[in-house]
Protein chains: 2
Amino acid sequence: MHILVIGAAGMVGRKLVERLAKDGTLGGKAVSKVTMHDVIEPTAPSGAPFAVKTLASDFSYAGEAEKLVVDKPDVIFHLAAIVSGEAEQDFDKGYRINMDGSRFLFEAVRALNVASNGAYKPRIVFTSSIAVFGAPFPEAIGTEFFTTPLTSYGTQKAIGELLLADYTRKGFFDGIGIRLPTICVRPGKPNAAASGFFSNIIREPLAGHEAVLPVSEDVRHWHASPRSAVGFLIHAATIDGEKVGHRRNLTMPGLSCTVGEQIEALRRVAGDKVVARIKREPDQAIIKIVAGWPRNFDASRAESLGFKAEKTFDEIIKVHLDEELGGKIA
Amino acid sequence: MHILVIGAAGMVGRKLVERLAKDGTLGGKAVSKVTMHDVIEPTAPSGAPFAVKTLASDFSYAGEAEKLVVDKPDVIFHLAAIVSGEAEQDFDKGYRINMDGSRFLFEAVRALNVASNGAYKPRIVFTSSIAVFGAPFPEAIGTEFFTTPLTSYGTQKAIGELLLADYTRKGFFDGIGIRLPTICVRPGKPNAAASGFFSNIIREPLAGHEAVLPVSEDVRHWHASPRSAVGFLIHAATIDGEKVGHRRNLTMPGLSCTVGEQIEALRRVAGDKVVARIKREPDQAIIKIVAGWPRNFDASRAESLGFKAEKTFDEIIKVHLDEELGGKIA
């Protein structure tokens with residue numbers, strides 16, 4: 001089995017390929033080759049039991065997507081996107097990469113499907129986002145709630161979802177779109193994203209550093225660990241498409257919890273000394289942005305299809321300790 | 001005030017310009033010029049109290065949309081589309097006209113908006129469709145129900161809605177998308193569209209001809225007259241955008257009624273002799289297609305914004321008698 005990962009230099013893409021390297025299989029079939037693609041050359045995992053090819057290009061330029069699929073990968077993970085803030089600042093770049101890029105990829109696969117009389121029909125797993133939803137929200141966003149994004153990024157993801165469903169309905173490929181929760185705890189350095197604090201207040205104190213909490217403890221949000229995100233991708237790659245039916249885009253399960261509940265989980269896992277490293281510095285700009293974000297979802301459809309996430313924030317912290325810190329608290 | 005109508009050769013576009021010619025004003029302002037555009041040259045109405053320019057081109061080719069908006073129309077009615085059946089048969093043409101065409105238009109307006117530092121910001125009224133929804137449905141489709149189209153046409157309209165909302169949110173223009181009910185009674189000849197019978201069984205008997213009813217009388221559907229459709233367009237062109245807020249795409253009001261109720265209305269308006277011209281010839285293909293169509297909507301949001309449709313099917317028949325038959329029943 002040949003797997004193509006587009007957007008393989010990102011955090012989730014890298015962890016996905018590491019998981020494939022560890023498993024050696026996908027859906028019970030041996031993986032023979034993984035192609036890792038991104039706009040910068042991705043790093044191959046060490047010790048993979050299959051061939052790894054790394055590629056760098058901008059797949060949003062005409063002709064590039066064709067090169068990526070020319071050897072007909074069986075499964076395509078499409079994780080490539082520019083993020084919300086950049087798509088909002090650079091309107092043209094956002095549409096070029098997040099919308100045209102996805103469409104070029106889908107068109108390149110369609111051309112191979114049509115040329116093979118339908119014999120080539122790969123599974124495409126597309127990472128969408130809860131940014132397809134726009135406030136005001138019900139207390140928990142239902143499985144049939146409409147997509148009225150309030151960012152260009154969310155608009156581009158919602159368009160990607162619609163294209164994925166239509167190309168799938170027409171039989172050009174077999175697509176599944178998954179709307180990821182906010183990934184927590186994100187490894188790496190603190191970043192300037194408005195959502196950064198959800199991870200910062202856990203990751204930094206665990207590593208012995210101070211972290212800034214810019215919102216109040218009653219802010220509620222929707223989380224899953226990087227390990228769950230990889231699990232969603234693997235499950236989406238192997239699920240029976242017939243069971244999914246025509247509605248191909250699924251809100252992934254997650255954990256709805258408040259910042260206060262995050263902090264109490266950190267106290268249980270790591271103690272008062274670690275929690276004391278969180279500094280409260282209210283930031284009105286971030287408070288305002290976060291007020292427009294979803295707090296909770298009904299993910300029963302994805303759950304009934306076998307997608308699984310953490311049930312407590314303690315588990316989410318333990319995944320981070322295990323994957324990033326070798327179990328050690330500073 | 002200068003008005004551009006794209007898709008002006010179609011039935012609704014033609015009736016819209018006739019209404020503008022009769023009124024001479026839009027939203028209380030005198031109309032000085034109407035540009036009528038379509039892929040075939042539209043026919044100017046006679047006796048219009050303003051200048052009428054007619055143009056033919058394919059606006060889905062790069063550069064054409066710029067020509068349409070170069071003299072900065074104050075209001076743009078974007079009615080251009082290829083219909084559902086053709087978009088389903090010719091995948092590339094459907095995406096080119098219904099998706100790329102809309103995007104080129106929005107981009108052309110955005111370029112003028114940016115070049116004028118935001119001074120040029122026209123109202124764009126975009127005709128979407130209830131085809132953005134896909135079965136299974138609730139008994140009445142709510143104002144926050146999700147868009148999971150089951151045709152390429154519906155997908156392209158849903159994408160047009162998303163683009164319209166995002167360009168509006170960014171301030172490039174001021175868009176309103178309106179999802180039209182099935183227009184009934186459609187004037188003209190019977191056509192092969194699966195939905196054709198809803199109009200055929202009224203129009204043909206009133207004109208002294210037989211009509212075929214291919215489904216059972218308990219089939220329920222969502223209707224508005226051509227006069228209401230024009231009313232929606234006029235209201236959408238003049239409504240206060242602030243009141244609409246970020247959710248720019250609205251399901252228009254309509255009348256939910258069964259085929260049996262249509263026939264009883266015809267009996268009340270035109271008598272048994274006319275009703276006897278309806279021949280029942282069940283067609284399994286049409287029965288199957290129609291089973292997947294919406295039956296009823298909650299259009300309360302559009303109603304609260306002042307959009308109005310007929311309350312009885314008798315009214316819908318009387319509009320047809322008035323507009324197309326000079327009140328005479330054959």
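Two residues are in contact, as I use the word in these entries, if their C-beta atoms, placed from the backbone, lie within 7 Å. I also note at the outset that this is a predicted model.

**Entry: G118(B)**

I began with G118(B), which I found in the loop between α4 (91-115) and β7 (123-129) of chain B. Which residues does G118(B) touch, leaving aside its neighbours within four places in sequence? I recorded contacts with N113(B) and G171(B). I then looked up F173(B), which is 55 residues away from G118(B) in sequence, while the two C-alpha atoms are 8.6 Å apart in space. Is G118(B) buried or exposed? I entered G118(B) as exposed, because it has 10 C-beta neighbours inside 10 Å and the cut-off for an exposed residue is 12 or fewer.

**Entry: strand β6 of chain B**

From the loop I moved to the strands, and looked at β6 (residues 75-78) of chain B, which is covered on both faces. On one side I listed V75(B) and F77(B), on the other I76(B) and H78(B), and all of these are buried. I kept in mind that side chains in a regular strand alternate between the two faces of the sheet. Strand β1 (residues 2-6) of chain B runs parallel to β6(B) and is joined to it by four bridges, with L4(B) as the bridge partner of I76(B). The pairing of β6(B) with β7(B) is also parallel and also extends over four bridges; here I noted that F77(B) has V125(B) in β7(B) as its bridge partner.

**Entry: an open sheet in chain A**

In chain A I looked up an open sheet of three strands, whose order is β9-β11-β13 and whose pairing is mixed. Why does one side of β9 (182-183) and of β13 (255-258) in chain A have no neighbour in the sheet? Both strands stand at the edges with a single partner strand each, so one side of each is left without a neighbour there. Strand β11 (residues 220-224) of chain A runs antiparallel to β13(A), and I noted four bridges between them. Within this pair, H221(A) stands opposite C257(A) of β13(A).

**Entry: chain A as a whole**

For the whole of chain A I wrote down 13 helices and 14 strands. The radius of gyration is 20 Å, close to the 20 Å that the globule rule gives for 330 residues, so chain A is as compact as a globular protein of that length. Along the principal axes, the C-alpha atoms of chain A fill a box of roughly 60 × 45 × 40 Å. I also noted that 46% of the 330 residues of chain A count as buried. Of the contacts in chain A with a separation of 6 or more, 77% are between residues 24 or more positions apart. As for confidence, chain A has an average pLDDT of 96, and 100% of its residues score at least 70.

**Entry: the two chains together**

I turned last to the contact between the chains, which takes 19 residues from chain A and 19 residues from chain B. On the side of chain A that touches chain B, helix α5 (residues 152-169) of chain A supplies the largest share, eight residues. By class, I listed eight nonpolar, six polar and five charged residues on that side.

How are the two copies related? A rotation of 180 degrees, with 0.0 Å of shift along its axis, superposes chain A on chain B with an RMSD of 0.0 Å. The copies are thus related as by a two-fold rotation axis. In chain A, the C-alpha nearest the axis belongs to F146(A), at 1.9 Å from it. Both copies use the same surface, since 100% of the contact residues of chain A recur in chain B. For the complex, the predictor gives an ipTM of 0.96 and a pTM of 0.97.

Note on methods
Residues are numbered from 1 along each chain as its sequence is written. Chains are lettered from A and ligands numbered from 1 in the order in which they are written. This is a predicted model: local features need pLDDT of at least 70, side-chain atom pairs count only at pLDDT 80 or more; totals for chains, interfaces and linings use all residues. Helices (H or I, at least four residues) and strands (E, at least two) are DSSP runs, numbered from the N terminus. A residue is buried if 20 or more other C-beta atoms lie within 10 Å of its own, exposed if 12 or fewer, and partly exposed in between; C-beta atoms are placed from the backbone. Two strands pair if DSSP finds at least two bridges between them. Ala, Val, Leu, Ile, Met, Phe, Trp, Tyr, Cys and Pro count as nonpolar, Asp, Glu, Lys and Arg as charged, and the others, Gly among them, as polar. The radius of gyration is taken over C-alpha atoms; the globule rule is 2.2 Å times the number of residues to the power 0.38. pLDDT is the predictor's confidence in each residue, from 0 to 100. Copies are superposed by least squares on the C-alpha atoms of residues with pLDDT of at least 70 in both.
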